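Please load the model in your viewer and keep the selection panel at hand. The tour below goes from one selection to the next and says what is found at each stop.

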Amino acid sequence: RPWSAYPYLSPEFLDTIEIPKETPEPKKYAVITVGTTTPSRTIKGEYWNHVIEYVHALGLQPVFLGKTLVETGNARNIHTEWSKEIRYDLGVDLRDKTTLMQAAAIMSKAAVVIGHDNGLLHLAGCTDTKIVFGYNLASPKHRRPIRPTGNVYDVILEDGELACYNCQSKTNFVIGMNYRNCFYNDLLCMDKLFDNKAARWKKQIDLALTSSSV
């Protein structure tokens, strides 16, 4: 494997980890990571609902993972925000109910893991489960998981759709700008990324589920 690839969590190892009993049968569910830790990556609940309802209609049970508070050992602990509009009722809500390794084990048995640039997607990158990965601040060049095995299906805007897209990857040394907030304060990139009822996401989900490769 490439020297820079993520560590690989083998199925044999992950099978030894006990997961919540309410987890659906392997390959009968899709993990959808809907939490956000920064305003610049915040996605409206109604946008995620297009994805959740689509996955549900495909016959897969959505499974929601994540932690409200991730303790980092210092005063800057990571707080996750959750939209109240999200259709958690259409799936199995395991938020705040798993350890990191349990989350990895659950994702390893999913038909697909879906989300927008977050830590759980990178943890999924340590398995061979297919990942549908959305981007806004940083480009796939800088954020796509470097995996020992397993495909990543990018959800991105096309060149020319939005000049400021992938702002963090394209812009350096803007005084006072740390990319926690949108420079223009409108998050137009998210509106475009989920336009036409999340058509880009649905296309990549279909591709991931129908591809014969891992």
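A polar contact, as the term is used here, is a pair of N or O atoms within 3.5 Å, and within protein one of them must be able to donate a hydrogen and the other to accept it. Keep in mind throughout that this is a predicted model.

**First stop: His116**

Select His116, which is found in strand S6, residues 112-116. Its side chain makes a polar contact with the side chain of Asn136, at 3.2 Å. Is His116 buried or exposed? With a relative accessible area of 4%, His116 is buried, because the cut-off for that class is under 20%. Now display what surrounds it: leaving aside neighbours within four places in sequence, His116 is in contact with residues including Thr33, Arg41, Ile43 and Trp48, and the list also includes Gly134, Tyr135, Asn136, Met190 and Trp201.

**Second stop: Trp48 and the nonpolar core**

Move from His116 to Trp48, one of its contacts. Which residues have the most contacts inside the largest nonpolar core? They are Trp48, Ile114 and Trp201, in a core that has 58 residues. Not counting residues up to four places away in sequence, Trp48 touches Ile114 and Trp201 themselves, and its other contacts include Ile32, Val34, Ile86, Gly115 and Phe194.

**Third stop: helix H2**

Extend the selection to helix H2, residues 45-57. At 1.5 Å a residue, its 13 residues should span 18 Å, and the end C-alpha atoms are 18 Å apart, which agrees. Colour by accessibility and the buried residues of H2 can be picked out as Gly45, Tyr47, Trp48, Asn49, Val51, Ile52 and Val55. An α-helix has 3.6 residues a turn, so residues three or four places apart point the same way. What covers the buried residues of H2? The cover includes strand S1 (29-33), strand S2 (61-64), S6, helix H7 (188-193) and helix H8 (195-210). After H2 comes Gly59, whose phi is positive, near 95°.

**Fourth stop: two asparagines with positive phi**

Select Asn166, which lies in the loop between strand S8 (152-155) and helix H6 (167-170). Although Asn166 is not a glycine, its phi is positive, at about 60°, and its relative accessible area of 11% makes it a buried residue. Then go to Asn185, in the loop between H6 and H7, where a residue that is not a glycine again has a positive phi of about 60°. Asn185, however, counts as exposed, at 69% relative accessibility.

**Fifth stop: salt bridges**

Side chains of opposite charge can pair when their charged atoms come close. How many salt bridges does the structure hold? There are nine, and three of the pairs can be visited here.

Begin with Arg87 and Asp89, whose side chains meet in a salt bridge at 2.7 Å, N to O; Arg87 is partly exposed, with a relative accessible area of 28%, and Asp89 counts as exposed at 56%.

Next select Asp117 and Arg143, whose side chains also meet in a salt bridge, at 2.7 Å from N to O. Asp117 lies in the loop between S6 and helix H4 (119-124) and Arg143 in helix H5 (residues 140-143), so the pair ties together parts that are 26 residues apart in sequence. Asp117 counts as buried at 3% relative accessibility, whereas Arg143, at 28%, counts as partly exposed.

Then show Asp195 and Arg200, which form a salt bridge whose closest N and O atoms are 3.5 Å apart. Asp195 is partly exposed, with a relative accessible area of 27%, while Arg200 counts as buried at 18%. To finish this stop, add Arg41 to Asp117 and Arg143, since salt bridges that share partners join Arg41, Asp117 and Arg143 into one network.

**Last stop: the cysteines**

A disulfide is a covalent bond between the sulfur atoms of two cysteines. With a cut-off of 2.5 Å between sulfur atoms, the count comes to zero disulfides. Select Cys164, whose sulfur is 6.3 Å from the closest cysteine sulfur, in Cys182, and therefore too far for a bond; Cys164 counts as partly exposed, at 31% relative accessibility. Cys189 is likewise in no disulfide, the nearest cysteine sulfur, that of Cys182, being 6.2 Å away. At 11% relative accessibility, Cys189 counts as buried.

Key. Residues numbered from 1 in each chain as written. Predicted model: local features only at pLDDT ≥ 70, side-chain atom pairs only at ≥ 80, totals over all residues. Heavy atoms only, no water. Helix = DSSP H or I, 4+ residues; strand = E, 2+ residues; numbered from the N terminus. Buried < 20%, exposed > 50% of the residue type's maximum accessible area, 1.4 Å probe, protein only. Contact = heavy atoms within 4.5 Å. Core = buried A, V, L, I, M, F, W, Y, C linked by side-chain atoms within 4.5 Å. Expected span 1.5 Å × (residues − 1). Salt bridge = Lys/Arg side-chain N within 4 Å of Asp/Glu carboxyl O.
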